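Load the model and set the view to cartoon. Keep the sequence panel open beside it. The stops below go from the sheet to the whole chain and then to a single loop residue.

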Amino acid sequence: MQLTKQHLLRRASDLMIELLEKKDVKETIIAKKTATTFSHTVMKLQNLEKNSIISREKKGREVLINLTIKGKAIAEHLKKIYKILGYIKEEEKIEVVKVEN
């Protein structure tokens, strides 16, 4: 399956919305859920961290990801856009990329 730039952007948006409800998500889980290589995922996460959208905390061998205040604000806006586009309904729980801790 070839992933387009739009597909990757949608997966990243899905992930940010999901991170609104989850805390301490492992980088390895994010790589699996976004269907990208681990090295690509780390590179993108480092860029998000550099732009103060996420925080990365090393716990043993794992790196845990959380949204910053700025990241939460962006994710909230994305959630509103998803509702406008009909990806999610007002009363429904968000059904996007499922992230496990």
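Two strands count as paired if DSSP finds at least two bridges between them. Keep that in mind for the first stop. The model is predicted.

**Stop 1: the sheet.** Select the strands. Three of them form an open sheet, in the order 1-3-2. The pairing is antiparallel. Now colour strand 1 (25-26) and strand 2 (54-59). Both stand at the edges, and each has a single partner strand, so one side of each is left without a neighbour in the sheet.

**Stop 2: the hairpin.** Select residues 62-67, which are strand 3. How many bridges pair strand 2 and strand 3? There are six, in the antiparallel sense. Show S55 and N66 as sticks. S55 stands opposite N66 in strand 3.

**Stop 3: the helix on the sheet.** Select residues 38-50. This is helix 3, and it packs on the sheet. Helix 3 touches strand 2 and strand 3. The direction of helix 3 makes about 120 degrees with that of strand 2.

**Stop 4: the turn.** Go back to the hairpin of strand 2 and strand 3 and look between the strands. Two residues lie there. Pick G60 and check its backbone. G60 takes a positive phi near 65 degrees.

**Stop 5: the whole chain.** Zoom out and colour by secondary structure. The protein has four helices and three strands. From the N terminus on, the elements run α-β-α-α-β-β-α. Next, turn on the surface. The protein exposes about 6,900 Å², and carbon and sulfur atoms supply 53% of that area. Buried residues make up 33% of the 101 residues. For a contact map, take the contacts with a separation of 6 or more. Residues 24 or more positions apart account for 55% of them.

**Stop 6: a loop residue.** Select T36. It sits in the loop between helix 2 (27-33) and helix 3. Is T36 buried or exposed? The cut-off for buried is under 20% relative accessible area. T36 has a relative accessible area of 18%, so T36 is buried. Now add T41 as sticks. The side chains of T36 and T41 make a polar contact at 2.7 Å.

Conventions
Residues numbered from 1 in each chain as written. Predicted model: local features only at pLDDT ≥ 70, side-chain atom pairs only at ≥ 80, totals over all residues. Heavy atoms only, no water. Contact = heavy atoms within 4.5 Å. Axes fitted to C-alpha atoms, helices over the stretch in contact; angles between N-to-C directions. Buried < 20%, exposed > 50% of the residue type's maximum accessible area, 1.4 Å probe, protein only. Areas by Shrake-Rupley, 256 points an atom, 1.4 Å probe, with all protein chains shown as cover. Polar contact = N/O pair within 3.5 Å; in protein donor to acceptor, adjacent residues only side chain to side chain.
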